[in-house]
Number of protein chains: 2
Amino acid sequence: MFEFILENLALHVTLDEAEQRLVESALQLTTIKKNKVLLSPGEICRNIYFVNKGCLRMYHTDKQGAEHNISFCPENWWAVDIASFSNQSPSFYAIAALEDTELFYLSYSALEKLYLQVPKLERFFRILTQNGFNLYQRRITSALSKTAEERYLVFRKQYPGLEQRIAQKQIASYLGITPIFLSRLRKKR
Amino acid sequence: MFEFILENLALHVTLDEAEQRLVESALQLTTIKKNKVLLSPGEICRNIYFVNKGCLRMYHTDKQGAEHNISFCPENWWAVDIASFSNQSPSFYAIAALEDTELFYLSYSALEKLYLQVPKLERFFRILTQNGFNLYQRRITSALSKTAEERYLVFRKQYPGLEQRIAQKQIASYLGITPIFLSRLRKKR
DNA sequence: CGTCTATTTGAATGTACTCAAAAGCGGTGG
DNA sequence: CCACCGCTTTTGAGTACATTCAAATAGACG
């Protein structure tokens, strides 16, 4: 049950048996239905989520009411509005489920407590933030210099198999194009 | 001489006199000429820079040799390839001067040492990273959903006065458009 | 002053969008 | 089980945004 999340932590830090048990006992588990909203904009992001099964999306809703997906979180991804969570301030982004999803999560205070017991985790989340930072930097360059078709191919590489699982309009929103145009792109090949 | 950088640190952490002196004595100062490259891609980013006067840019050069500016760093900005610096691994981005520039900088080991003397700085750089993370997330949404003209107006708001100081082709590269099209945009208003 | 690069302008083209309509698909209730 | 409703996806036609190529002009720097 904890295999995926422990494997994920092991990518950046080495935990001994005792530390693993501490992490396990701090984690909460929940399952949510497709389309359930976990975080609404303006709300404080109280939890950091790890997707064990299923898929989430993070998105922003603009003044015209249009939604723009900033990232997908399938299995083994972490989901959090980092600014909102770290400062316990109102969130800019929303988080919702694209499929029925099984999640581990830690509240802000649970994580603070866990940091005291397993200080290595500070390192883990620092690296996680830096990797995210880096990923987003590159996506800006990609968004500004590549055509929609090139971005679509990058998406397929970055999220293998996800294309088959989620609605095209979600992918179009992530790519910054209309679902109509994505349909035409796919027809081409 | 240290006023700007101390003010900048004060945005997120409160340092007493002794701590300020420790920071000051760790900092190195240098001036570089316009167009000087501080960091080439593939090189390890050995320093974190604070711009005291002048302006830097961070950019990526693609396979076709085209440069894409990811950010500008005028006075009071920090410049670093964060992935390269934190892991002392090869950099993806380059950093170069757009004007004659006066810089404070800290090497990786100098910063490590300084963290031991002034632990509050860990908090400062954590917040800096988070803010950058957040800024870039929003820029992706902006890049994918706004027109070139809207992005141009956002740029002018975000970097007041910078437009007068740097070449249009640098701004065009940041906006993800051709200098030719930027010229037409400006003519319109 | 001359050279080199950056910017402007015009014309033609390509990329991506809107509007509109039709077809497909999934869930719900009779 | 099927008919219907609502939502997503496809397709066509016309349009707007942004690019390329080329040539002229303006600026920067030695």
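This is a short chat about the predicted model shown above.

Biologist: Before we start, what should I know about the numbering and cut-offs?
Modeller: Residues count from 1 along each chain as its sequence is written, while chains are lettered from A and ligands numbered from 1 in the order in which they are written. It's a predicted model, so local features need pLDDT of at least 70 and side-chain atom pairs count only at pLDDT 80 or more, whereas totals for chains, interfaces and linings use all residues.

Biologist: OK, how does chain B lie on chain A?
Modeller: A turn of 180° and a shift of 0.0 Å along the axis lays chain B on chain A with an RMSD of 0.0 Å, by least squares on C-alpha atoms of residues with pLDDT of at least 70 in both. That's the relation of a two-fold axis.

Biologist: Switching topic, which residues come nearest to DNA strand D?
Modeller: A:Gln168, A:Lys169, A:Ser183, B:Ile177 and B:Phe181, out of 16 around the strand; "around" means a C-beta atom, placed from the backbone, within 6 Å.

Biologist: And which element gives the largest share of that surface?
Modeller: α8(A), with six residues. Helices here are DSSP runs of H or I, at least four residues, and strands are runs of E, at least two, numbered from the N terminus.

Biologist: What's the strand order in the open sheet of chain B?
Modeller: β1-β8-β3-β6, with antiparallel pairing; a pair needs at least two DSSP bridges. The edge strands are β1 (28-32) and β6 (78-79) of chain B.

Biologist: Which residue is the bridge partner of B:Tyr49 in β6(B)?
Modeller: B:Ala79. Two bridges join β3(B), residues 47-53, to β6(B).
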